[in-house]
Every structure is written in C-alpha cells, then in structure tokens.
Amino acid sequence: MSSQTPAASQDFVDAPTQPETRGIEFVSASERHGRARDLFGVWAAPNVSVLNFTIGATMILLGLEIWQAVAVIVAANLLWVFPGLIAIAGPAAGTSGSVISRALYGVIGNKVIIAFTGWFISAVFLALNWLASSFMGADLLAQWGFDDPVLGPVIVTLVVSAITVLVAVYGHALIIRSYTAISAGLLVIFLAVTAFALPTVDWSYQAPVPLTGVPLWSAVTIGFTILASTPLSYINSPDIARYLPRETKPSHIIAATALGGALPGVFFTVVGALIATGLSAAAIDAGIESAILGLLPNWLGPLLVLGVVVNTIALNGMTTYTSSMALQSVGVPIRRIPSAIVVGAIGTALTLYLVMSTSLLDAVNLMLQFLVIVSGPAMAIFATDIILRRNGYDAIDLFDERRGGKYWYAGGWSIPGMTAVVTGGIATALCLSTDVWTGPIAELLGWVDLSVPVGMTVSALVYLGLSKAGFGRFDDARAESATQGAPAAAAASPAASSTESAA
C-alpha cells in the first residue's frame with residue numbers, strides 16, 4: 001500500500017482563515033460538510049469573465065450573424081453538464097479527481113495522463129486569465145500616466161499571480177465561503193458594463209459577407225470548438241465537491257455545477273458578441289477589452305479592471321488549488337502548499353512570455369482550440385467511467401498502488417483508458433481546424449471543425465468497447481492477490497471503515 005493510504009489520523013483543518021494543508025488525502029465522513037447549492041457560486045465566480053466578451057466577439061469575427069452566434073454559444077455551454085456529472089465522483093470517493101482517475105488509466109498510466117493534462121490544462125488557463133488582467137491592468141495604468149508597454153503588464157501579472165497563489169494556499173474553505181459573494185460583486189460590475197456597452201450594439205447587424213453552405217458550417221464548428229474548450233477543461237470539478245457528504249444527491253451536484261458555469265457563460269459571451277457588432281474588425285483585433293474600456297464612463301473603467309482582476313484571481317485560485325493536488329497524485333514527494341507555489345510560478349512564466357509575444361485575442365482562440373485535443377477525450381472517458389461504475393469509487397482501492405491492486409490492471413496501465421485517450425486525441429487532432437494546424441479530415445470537409453464531437457465520441461466508444469470486452473473490470477471484487485495482501489492498518493483505520501460502510 002502506498003504511503004498515501006487514506007487515513008483519519010492527520011489533523012486537517014478546513015477553515016477559510018487557515019491555510020489548507022490537506023492535499024489528496026481522504027476526507028472522512030466526520031469532515032464532510034456543505035450543500036450542493038454552494039457549488040453554484042463557486043462555478044459562477046470564474047465565469048463572470050472578460051474572456052467571455054473576447055470569445056463572444058470572436059463569433060462575430062468568424063462571420064456569424066447575431067442569431068447564429070447566440071445559437072452556437074448556447075449549444076456549446078450545454079457541455080457544462082460534463083463537469084457537473086464528473087463532480088459527483090468527488091463525494092463518492094472523498095478525494096481529488098487526479099486520484100479517482102487511477103480507476104480510468106491504471107496506477108502508472110494515471111501518472112502519465114495527470115502529469116500532462118493536469119499541468120497542460122492548468123498552465124493554459126492560468127496564462128490566459130492572467131493575460132486578460134495583465135492587458136487590462138496595463139491599459140488602466142497607461143490612462144494614469146504609466147504607459148510602459150512591457151513593464152506595465154509584467155507588474156500587474158506578478159501582483160495578481162501572487163494573490164492567486166495565496167488563495168490556493170488557503171484552499172477549499174476560502175473558495176467555498178467567498179466565491180458566492182465574489183460572484184455577486186462581479187455580476188453587479190459586469191451588468192453595469194453591459195448597460196453602458198449595449199447602446200453601441202448594431203441590432204440590425206449583418207455579416208459583411210453572409211456565409212452559407214460549407215463556409216457557414218466551418219465558422220459554426222470552429223466557434224463551437226473555441227467555446228466548448230472552457231467547460232471541457234474543468235476536469236477538476238470533483239476536487240471542489242469532495243468535501244460534500246457522500247449522501248448528497250448527485251442530481252443536485254450536477255445542476256449546481258452545470259448551471260453555475262453555464263448561465264454566466266452564456267449571458268456574457270452573448271453580450272460580447274453583441275458589443276462586437278458595433279465595433280470595427282480592427283478594434284476587435286486590437287483587443288475588445290480595450291474597446292470596452294473606451295465605451296465606459298471614467299468611474300466605471302477602473303471598476304471593470306478591478307472586476308477582471310478579481311475574476312482572474314477567483315478562476316486561477318481554483319485552478320492552482322486543484323492542480324497542486326495533481327502533482328501529488330503523480331507521486332512527487334511534495335506537500336500541497338509548496339506544490340501550489342510551483343504551479344503558480346509555471347503559470348506566471350508562461351503569462352509573461354505571452355504578454356511580450358502576442359495579443360489576447362490570438363492567444364485565447366488558438367490555445368482554446370488546441371486544448372480540446374486533451375480535454376475532450378479526458379472528459380468523455382471520465383463521464384463514461386462514472387456511468388459504467390455507477391459512481392462506485394472506493395478510496396481504499398484508489399489509494400492502493402501496489403502491484404496486483406484493483407487498479408493496477410496490466411502492469412499499472414489500463415488498456416481501455418490509455419487506448420481511448422490516445423485514440424480520441426488523434427481523432428480530435430485530425431478533425432481540428434486552426435490557423436496553424438488543420439487536420440486532414442477538417443481540410444477534406446472544407447475546414448469544418450468536428451474535433452469536439454468526434455474526439456469525445458471516439459474516446460467514449462473505445463473505452464466502453466474495450467471495457468465490455470473484458471480489458472477493464474468494473475463491478476468485480478478486488479483481485480484475490482490484492483485482498484490477501486491488504487495491509488491490516490488500512491482495514492482498521494477509521495477512514496477506511498467509513499469508506500467501506502458508505503459504499
């Protein structure tokens with residue numbers, strides 16, 4: 001048994017005024033608290049975001065009419081049901097998603113997947129959100145007379161990233177207790193911005209070159225991919241829900257998570273598309289965030305920048321918090337707080353590189369499209385596994401890293417999981433259409449981007465097929481060799497007993 005065996009002997013404190021020292025360790029029944037509805041504010045706070053304005057403007061740049069852009073935005077945000085679905089695994093297992101996924105990929109295979117997905121996805125979103133606050137903060141500093149084009153964004157990035165890491169250090173309790181209030185404050189600011197920006201909307205807007213046929217489907221599908229990458233990236237949703245009592249209704253967890261992310265996502269992305277109709281393509285290209293600041297009265301501009309900074313801290317604080325546990329789950333001997341600092345340093349470095357080399361619009365669109373190669377298949381496999389197992393995860397099995405354990409599979413690798421994620425990633429790449437890469441299938445279809453539906457479908461079907469064919473076992477008992485060798489300490493621990501009785 002690994003040293004990470006779930007145990008209740010350590011004294012972990014989940015309070016907003018104290019740094020959270022718990023990492024991937026099991027959350028016993030006595031430590032569970034909260035309600036599913038608390039998750040709504042947690043997921044709403046990161047999604048009341050200026051990035052939604054940016055992505056909404058992209059829909060207009062792609063050549064879509066207003067109604068077409070709205071339809072694509074709504075359709076893509078329906079994918080928030082996936083983070084909601086996989087969130088229910090957190091209370092079932094009492095640990096982080098990066099440990100639960102050992103059931104998907106095997107003990108060793110999971111380390112490879114988490115080392116890549118946990119860090120790649122986290123680094124991309126840390127950088128994209130810090131980049132947004134960096135550019136807008138620098139614009140505000142320029143209005144106040146500090147107009148250094150490099151030093152301004154760098155200073156803002158360093159300050160915001162330091163506060164973000166501090167949020168991650170204090171962890172779960174601070175996030176749960178504060179994010180609902182943050183959501184309310186951000187909503188007021190962004191609604192005020194919307195009120196001042198909407199008079200510029202061209203409600204009779206028509207695309208300069210109306211799209212039909214294959215070009216229209218190309219624009220629609222590329223827009224869908226850009227939008228879909230946000231909900232599909234939240235593979236960390238079990239981490240936030242893991243403190244909930246095990247008996248919390250799964251339907252309530254799914255609804256609170258999905259609606260918390262989708263409602264502000266739809267609303268403010270639509271607003272971004274509407275605002276873009278009253279701006280020139282050159283203004284949008286230069287940065288819709290700067291264009292919006294120019295539409296606001298002097299008193300509201302600083303408030304918007306403050307809102308963007310707070311939103312960035314909220315989103316990246318959650319990302320840094322969950323990714324700090326990913327490093328632990330791959331076996332690196334590091335505590336959660338130092339791990340959070342390492343994650344923050346990597347994200348800061350990538351942000352500083354992007355600040356000096358690209359525009360926000362270019363970075364957002366390109367990185368979000370490539371992100372689905374990883375996030376789409378991973379999300380589909382996790383959701384399929386939850387359905388196959390009926391959410392039947394047990395911490396004792398998940399923390400058993402010994403050869404012959406339930407999730408050791410074939411030499412530490414799960415054939416269904418590893419095959420599905422690789423196959424799904426290849427299928428996604430073949431169907432992806434970006435400015436720097438167009439897969440052969442996408443090119444054959446006239447740059448129609450089917451990467452998300454094809455990649456997720458292929459991953460789910462491969463995983464389901466190989467599992468049902470006997471390469472993965474679900475409702476079986478632990479392998480006999482593992483049962484015979486199970487450490488007495490694990491069987492006797494209070495955490496182990498509460499896990500098994502709950503199961």
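**Close-up views of a predicted helical chain**

**View 1. A nonpolar patch on the surface.** In this predicted model, the side chains of Val422, Ile426, Leu430, Ile441, Leu445 and Leu450 make a nonpolar surface patch of about 450 Å². Helix α19, which covers residues 415-430, gives the largest share of this patch, namely three residues.

**View 2. Leucine 430 in helix α19.** Leucine 430, one of the residues that make the nonpolar patch, is found in helix α19. Is leucine 430 buried or exposed? Its relative accessibility is 30%, and leucine 430 therefore counts as partly exposed, because that class lies between the limit of under 20% for buried and that of over 50% for exposed.

**View 3. Asparagine 391 in a loop.** Asparagine 391 has its place in the loop between helix α17 (360-389) and helix α18 (395-398). With a relative accessibility of 14%, asparagine 391 counts as buried, because buried means under 20%. When residues up to four places away in sequence are not counted, asparagine 391 touches Ile88, Ala89, Ala92 and Ile386. For isoleucine 88 there is a further detail to look for, since its backbone oxygen lies 3.1 Å from a polar atom of the asparagine 391 side chain.

**View 4. The whole chain, for orientation.** The chain holds 24 helices and zero strands, and buried residues make up 60% of its 503 residues. Among the contacts that link residues at least 6 apart in sequence, 86% join residues at least 24 apart. The chain exposes about 18600 Å², of which carbon and sulfur atoms supply 68%.

Technical notes:
Residues numbered from 1 in each chain as written. Predicted model: local features only at pLDDT ≥ 70, side-chain atom pairs only at ≥ 80, totals over all residues. Heavy atoms only, no water. Patch = residues over 30% accessible without salt bridge, like charges linked within 9 Å, V, L, I, M, F, W, Y side chains within 5 Å. Areas by Shrake-Rupley, 256 points an atom, 1.4 Å probe, with all protein chains shown as cover. Salt bridge = Lys/Arg side-chain N within 4 Å of Asp/Glu carboxyl O. Helix = DSSP H or I, 4+ residues; strand = E, 2+ residues; numbered from the N terminus. Buried < 20%, exposed > 50% of the residue type's maximum accessible area, 1.4 Å probe, protein only. Contact = heavy atoms within 4.5 Å. Polar contact = N/O pair within 3.5 Å; in protein donor to acceptor, adjacent residues only side chain to side chain.
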